[in-house]
Amino acid sequence: INSDEIGDGASWITTSLICFLIVPILFYIEINIGINFKFYITIVFPLLLIFSIILLRIIKYLLLKKYMN
């Protein structure tokens, strides 16, 4: 198996982890603390983007490592 045959597995796993872990935490913070929109634009969205890219690379590496052996 080469890297082209892995497909979209890493992106599915990354999206699922972010949706099931990070988004509920943000909802909890929003309901209990109440964060303004400027905080989301300047802090939360860039952190989600960076976290997604890093997590995607890690998961793709782990999938390649698992299926290349």
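**Reading a ring pair and its surroundings**

Guide: Let's start with phenylalanine 45, which is partly exposed at a relative accessible area of 44%. This is a predicted model, in which local features need pLDDT of at least 70 and side-chain atom pairs pLDDT 80 or more, while totals for chains, interfaces and linings use all residues. Residues are numbered from 1 along each chain as its sequence is written, and side-chain values use heavy atoms, leaving out hydrogens and water.

Visitor: How should I read "partly exposed"?

Guide: Partly exposed lies between buried (under 20% relative accessible area) and exposed (over 50%), using a 1.4 Å probe and protein chains only. Tyrosine 40 counts as buried because its relative accessible area is 15%. Phenylalanine 20, in helix 1 (residues 9–32; a DSSP run of H or I, at least four residues, numbered from the N terminus), is exposed because its value is 67%.

Visitor: And how is a pair of aromatic rings described?

Guide: By the distance of the centres and the angle of the planes. Rings of Phe, Tyr and Trp (its six-membered ring) pair with centres within 6.5 Å; planes under 30 degrees apart are stacked, over 60 edge-to-face, the rest tilted. That rule gives one aromatic pair here. Tyrosine 40 and phenylalanine 45 form this tilted pair, with 6.3 Å from centre to centre and 35° between the planes.

Visitor: What does the whole protein chain look like in terms of helices, strands and buried residues?

Guide: The protein chain has two helices and zero strands (for strands, DSSP runs of E, at least two residues). Of its 69 residues, 17% are buried. Contacts (heavy atoms within 4.5 Å) are worth a look too: among those between residues at least 6 apart in sequence, 82% join residues at least 24 apart.
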